[in-house]
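Biologist: Hi, could you walk me through this model while I have it open?
Modeller: Happy to, let me put it on screen.

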Amino acid sequence: MAKLKLDNIKFDLDADGVATVLLDRKGEEFNSLGPELRDDLVAVIEHLETNDDVKAVVLGSAKKDNFLSGADIRWLRKLKDADTAAEMLRTAQDGFMRIEKLTTEHGKPVVAAIHGACLGGGNELALACSMRIASNDEKKTQLGQPEIKLGVIPAAGGTQRLPRLVGIAAALDLILTGRSVRPRKALRMGLIDEACPKEALFEVARKRALEAVHAGPEPDSGSGKTIGRIRNFLAPAHLQQLALEENPVGRRVLFSKAEEAMLAETKGNYPAAPAALRAVKTGVEEGPAAGYAAEIDEFKELVVGPEAKALMSMFFATQDMKKDTGVESDALPRNVAKTAVLGGGLMGGGIATVNTTQAGVPTRIKEVDEAGVGRGFAYVSKAINKQVKRRRIKPREAAKMMHLVTGTTDWSGFGNVDLVIEAVFEDLDLKREMVAQVEAVTSDETVFATNTSSIPIRLIAEGAKRPENIIGMHYFSPVERMPLLEIIVTDQTADWVTATAVAFGKRQGKTVIVVKDEPGFYVNRALSPYMNEIGWLLEEGVSIEDIDAAMVDWGFPVGPIRLIDELGIDVAAKVGKVMTGAFGDRLAAPAGFDKLVGDDRMGRKNGRGFYLYEEGERKGVDPSVYEVLGVTPETKLARTEIQDRLGLQMVNEAARCLEEGILRSARDGDIGAIFGIAFPPFLGGPFSYVDRIGAGVVVDKLSRFAETHGDRYQPAKILTKHAKKNKLFRG
Ligand code: NAI
């Protein structure tokens, strides 16, 4: 027998005949499935099949907190055509089938020993094993099929083995949402057979492997059913589910319900979702062979399609941004060991929360009075308790986090603060006063960050003793949930200050973009003409329902008018004025918003907006809005026309931000729009969208709109340039 020569797998065979196979991709912190690991795995499988000394196998990982994260996305992205993709999948399916057959045909049980991420191809590998044992580490260990988030589907057996193991409904839930489950949940649903402390993982796995050898084959081995599944099915809820899934009528109901829910969620914009559903259905109705073939047929088209390209590019962009220091120089971030938040309101409370829960740094909340401090504390405590309830953290950890927060109504305890984040009322004089007072009680090393949403940072820094220490850290509400942080630098901000703010933002769990200090920064600037356009469309007599429905159909989670109701019509009107002041007619808001504010309509917060609210719950459109605006909603525009008019306004403004150097890159513009405005991720962000449909097409459409609707549609110069040279933004 050929001796094993492996670079990416550690192999050992003990005296009892238990082979331990540890995945250990060379030169990488995490295991991912690329050609190198695949080749080694095939060699090991061959060895396991043919070596008679091998009686059982334990399959684990040599990495610290990682089993196998899935296919190497760099590899997936390089796939140029459907045929190459199909070939790759056939090899993967064949390899995993051989692992399954080690148990079913060679009588050698294979126990997966899982600690850390076991996702995508990693979970599919585990599914091919005869048993799965995971560490009970609720933080590090997670199992799931996240392929859908990259625009593809599990296609190394995931759509086939998962439903057989956990049932169709549970499998569809994991595959269609891409969410992962922690050990406790995985055990409950039968995805793993056992959970044990990490330290005992390999010992337990080895023991179970030997027990399985001695017990001989399971009566139903090969059908995919395991002890875990049988145990689970004794629960009444599962029995009911099983009854539903095991008869054709029940299954038809189940699949059509799933399809309905999926379409409502994706609006047909994510082709991977129906593809996954079809692959599961084919396997269930026509048997595994047809199911495996369906997986390949669906995947090979998806992986080279535009949605997967956009989603993968977004994945790489966020990875890339993790390494970005935010500055061009080699200035290093300074350590932030203590922070303070000025103002414990909606934003201050949220910022204090991520300071403690994510960054784990002591935070002092400064407020005007005890009641204010109390509000800040209550915010943090509520957010932390929510995590305890969801079992994300233990009560002991929650108490520790809460201890990191202190409160004050004076400036005590500010002497050794490294970073102050200001979130008091939106008032320039007040903010300047905050700068002066903070400068008086802190050192030259203290960074002063302001969370202003609309005041230029340079104005806040005017008259400061240390303007180089001043920077904008613009969070979005609710802070603990919104992923983006927009960091705003003035001409005076020192590079070490920017690097420090960027590094700290990442510790808070944020994706960070660094932008230049111009009105609206990036996110609100790109949002501004989009919001204005609603007003113009309404004036033309387009209905609220048509506008919102068109943009949800385009891929936004909520329509723009609903969004205005959520943000506050008064806030939108105020921002509109700031933007008009800065950019003149091009970004002038139509008069409608002022009329609404005059009618005491602020949106959800006062229960009066474009929509009707009853006890806080949103109902249908409030028809009296049209009267206030003085319009009749009788104009019918094609849905695509509405989408172009609104969507391209945002795209055009994003392009101007790049042209003017407000954005450091198109990458930042894409990620900022997706994470800050919920720009449809499958379109990849405004710049990827232009690349996808072509700058020429965008310029033509904008020019046509400019002729009919006015100069606000004039295409950005950079778009025209790209169109002429046929150049891509993201390449
Ligand atoms: P808020 O009204 O909920 O909170 C402001 C807090 O500041 C209040 O609790 C108030 O007591 C406190 N405060 C006032 N003067 C103070 C002083 N001298 N010292 C200490 N605390 C003082 O307001 P919110 O929404 O939290 O906004 C705060 C800042 O964040 C504003 O600049 C706003 O523009 C900005 N912002 C707001 C967003 C939002 O969605 N609400 C989003 C992004 C930024």
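Modeller: What follows is a short chat about the overall fold, one pocket, one helix and one side chain.

Biologist: Before we start, what kind of model is it?
Modeller: It is a predicted model.

Biologist: OK. How many helices and strands does the protein chain have?
Modeller: The secondary structure comes to 31 helices and 20 strands.

Biologist: And what are the spans of the C-alpha trace along its principal axes?
Modeller: They are about 80 × 60 × 55 Å. The radius of gyration of the protein chain is 28 Å, which agrees with a compact globule, because one with 731 residues would be near 27 Å.

Biologist: What share of the residues is buried?
Modeller: Buried residues make up 55% of the 731. As for the accessible surface, that comes to about 31,100 Å², and carbon and sulfur atoms account for 53% of it.

Biologist: What about contacts between residues at least 6 apart in sequence: what percentage join residues at least 24 apart?
Modeller: For the protein chain, that figure is 74%.

Biologist: Switching to pockets. What volume does the second largest pocket have?
Modeller: About 1,100 Å³. It is lined by 27 residues, and those closest to its centre are Gln358, Glu480, Arg481, Gly509 and Lys510.

Biologist: Which elements give two or more residues to that lining?
Modeller: Helix 14 (306–323), helix 15 (346–357), helix 16 (370–389) and strand 18 (511–516) do. Helix 16 gives the most, with 5 residues.

Biologist: How does the lining of the second largest pocket divide into nonpolar, polar and charged?
Modeller: Evenly, with 9 nonpolar, 9 polar and 9 charged residues.

Biologist: Now helix 5. Why is it described as largely enclosed by the rest of the structure?
Modeller: Helix 5 covers residues 158–166, and 8 of its 9 residues are buried, so the rest of the structure largely encloses it.

Biologist: Which residues of helix 5 are buried?
Modeller: They are Gly158, Thr159, Gln160, Arg161, Leu162, Pro163, Leu165 and Val166.

Biologist: What follows helix 5?
Modeller: Gly167 does, and its phi is positive, near 95°.

Biologist: Last topic, Asn524. Where does it sit?
Modeller: Asn524 is in helix 21, which runs over residues 523–539.

Biologist: Does Asn524 count as buried or exposed?
Modeller: Buried, because its relative accessibility is 15% and the cut-off for buried is under 20%.

Biologist: And which residues does Asn524 touch, leaving out those up to four places away in sequence?
Modeller: Asn524 touches Ser453, His474 and Met579.

Key:
Residues numbered from 1 in each chain as written. Predicted model: local features only at pLDDT ≥ 70, side-chain atom pairs only at ≥ 80, totals over all residues. Heavy atoms only, no water. 1 Å grid on protein atoms, 1.4 Å probe; cavity = no way out; pocket = protein on both sides within 12 Å on 5 of 7 lines; lining within 4 Å. Points joined across faces, edges and corners; volume = space filled by probe spheres on them. Helix = DSSP H or I, 4+ residues; strand = E, 2+ residues; numbered from the N terminus. Nonpolar A, V, L, I, M, F, W, Y, C, P; charged D, E, K, R; others polar. Rg over C-alpha atoms; globule rule 2.2 N^0.38 Å. Buried < 20%, exposed > 50% of the residue type's maximum accessible area, 1.4 Å probe, protein only. Contact = heavy atoms within 4.5 Å. Areas by Shrake-Rupley, 256 points an atom, 1.4 Å probe, with all protein chains shown as cover.
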